[in-house]
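Welcome! Take a moment to look at the structure below before reading on.

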Amino acid sequence: MDCLKAQEILSEALDHDVDAASLAEARSHCDGCPECARLERGLDVLARATAPSAPEDLVERLVALGAKEAVLIRAAAAEAEESVGEPAAVIPVVLMARKRWTPRLTAFASAAAVLLVALVATGIGLGGMLSANRGVTDSPRTSEEYDATSAYSYLAAPDAEYGSADATKDAVAQPGAPPYVVLDGVVYAPMGQLAVSPSTLVTATSVATAFDTGTEPAAIPTFRIADETGTIVLRTAPDTYLGFSTVTRQLLQRRFVLTSGSDIPAYGTWPTLLRRFAVPTSPDGSPTFSFFVKDDSGVLVYIPAGGTVEDGFAVAPGTAPDDPASGNPNWTWWEPE
Amino acid sequence: MLLVNLRLFANVIEEQALIAGALSDHDLVAAARKGDERAFEALVRAHSNAVYGHALRFFGDSAAAEDATQEVFVKMFRSLASFDGRSALSTWLFRITRNVCLDMARAGAHRPIPTDPIDLVPPTVRDFADDVVMSRTVEAAIRTLPPEERDALGAVTLFGMNYQEAALAFDIPVGTVKSRVFRARRTLAHLLDPAEGGA
């Protein structure tokens, strides 16, 4: 056995069980090798040394902190249980919300359909509306698109999905926010009208958006495109699809996509931090995040306690004008593409 | 009635396990999430030495190490809901500890006291007869290690991680962890050899 191998075995033996025969051979090697014997003595000293201990008063303070945290958790749980135990106070609110939304969604559907007809008739269309924001050119409409009132009954369909008042309660609508939509928590920005082959469409779900019509949101059938990640299409009329792509940024040679913890019911709504994260109370990201690294453009990147950047990262408000999070007053979360 | 008795019995068993320290970290986290303050206490007692030890080796100052330890546990308590159990708790806690220490240093809240092997007072044989002196000497020697070796050694010896867990925590290959730990020990063995230190 050579010196390096013997030394590695002696070191590893301090961490976990090693093969007894190999250890015996390594020790035997040390008997005849002064250099390795010296290492063996040093390792023996290390093995006998005691690691630092936290001072007892510190431990007591930490225990007290833990007790306080436990009280808070129990109080929150009790509050939640109390809410569950008071159906008279809670359930009617939910039902009312649904009742309130059902007729409104039907009305939104009609309004959206009428709006579509009007836009199409004037040659503007949703593509034209998008072009104001993203420089998208519109294409001529077919006669089928004029029959919007009957064709767009789906606009009222996902009442249950979009019926909760909670769905939009923490969305932050502010002028200046880009024309985003959100699907499965991922934010998409418009690309303009796309010519797509129906055979390449993969059914996704619907996206609830009012675009920039200023009306209430409607559910628009939405599809992913086979073999094309990062792109979705919203069917705004038969055979008319608006393309949307993910909002991305690069870090460590990987692409990450912008997410939102709240719905984006209309253009001009800022994405928010995912709900699983508490909004940081300090500009340095604490207590939710810790600073991780500066990206190539100098944006500070934060990760959750105990997290790794491979799982995603957060960006604080206040990024530069050319940044994909520019202008957003909220913390944003970016997930691996 | 039987169901109630079974639940009570389960609670008693859980309580005894908690008192006896027989619950795993994952069980303790689950209990803490429900607001069991004994679980919080058990987590503190199980991990405070490792966290404090890492912080002390990082800063070389006990006051800074105490501040960092407190910050780590505050973060840990508030993030328990996000601990998904895919990795060992020690791995997760190690990452929090490392990030907190780096954050504090970057923010200028505490500065690590620089150490140089040249400044290390060579130990004598007599030093090793006294456990307290020996441990202090070892800690001083550990603080002279390159940070990546010191961290790898701490992950394995303070936080009790195996090489695979440490590799996950550092996001480096297992072989790199092994070699860092080995290099750290080899350096320390030389620094701590009384013959080298002049007896």
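What follows is a short tour of the sheets in chain A.

This is a predicted model, where local features need pLDDT of at least 70, side-chain atom pairs count only at pLDDT 80 or more, and totals for chains, interfaces and linings use all residues. Residues are numbered from 1 along each chain as its sequence is written, while chains are lettered from A and ligands numbered from 1 in the order in which they are written.

Let us begin with an open sheet of six strands in chain A, ordered E2-E3-E7-E6-E5-E4 with antiparallel pairing. Strands here are DSSP runs (E, at least two residues) numbered from the N terminus, and two of them pair if DSSP finds at least two bridges between them. At the edges of this sheet stand E2 (181–183) and E4 (201–209) of chain A, each paired on one side only. From one strand to the next, the twist averages 40 degrees; the axes behind such angles are lines fitted to C-alpha atoms, and angles run from 0 to 180 degrees between N-to-C directions.

Another open sheet of six strands in chain A follows the order E8-E9-E14-E13-E12-E11, again with antiparallel pairing. Its edges are E8 (248–251) and E11 (289–294) of chain A; each has a single partner strand, so one side of each is left without a neighbour in the sheet. Neighbouring strands are turned by 40 degrees against each other on average, direction ignored.

Here are two of the antiparallel pairs:

| Strand (chain A) | Partner (chain A) | Bridges |
|---|---|---|
| E3 (residues 186–194) | E7 (residues 240–246) | six bridges |
| E12 (residues 300–304) | E13 (residues 313–315) | two bridges |

Within E7(A), A:Ser245 is the bridge partner of A:Ala189. Over in E13(A), A:Val315 stands opposite A:Val301.

Conventions. Helices (H or I, at least four residues) and strands (E, at least two) are DSSP runs, numbered from the N terminus.
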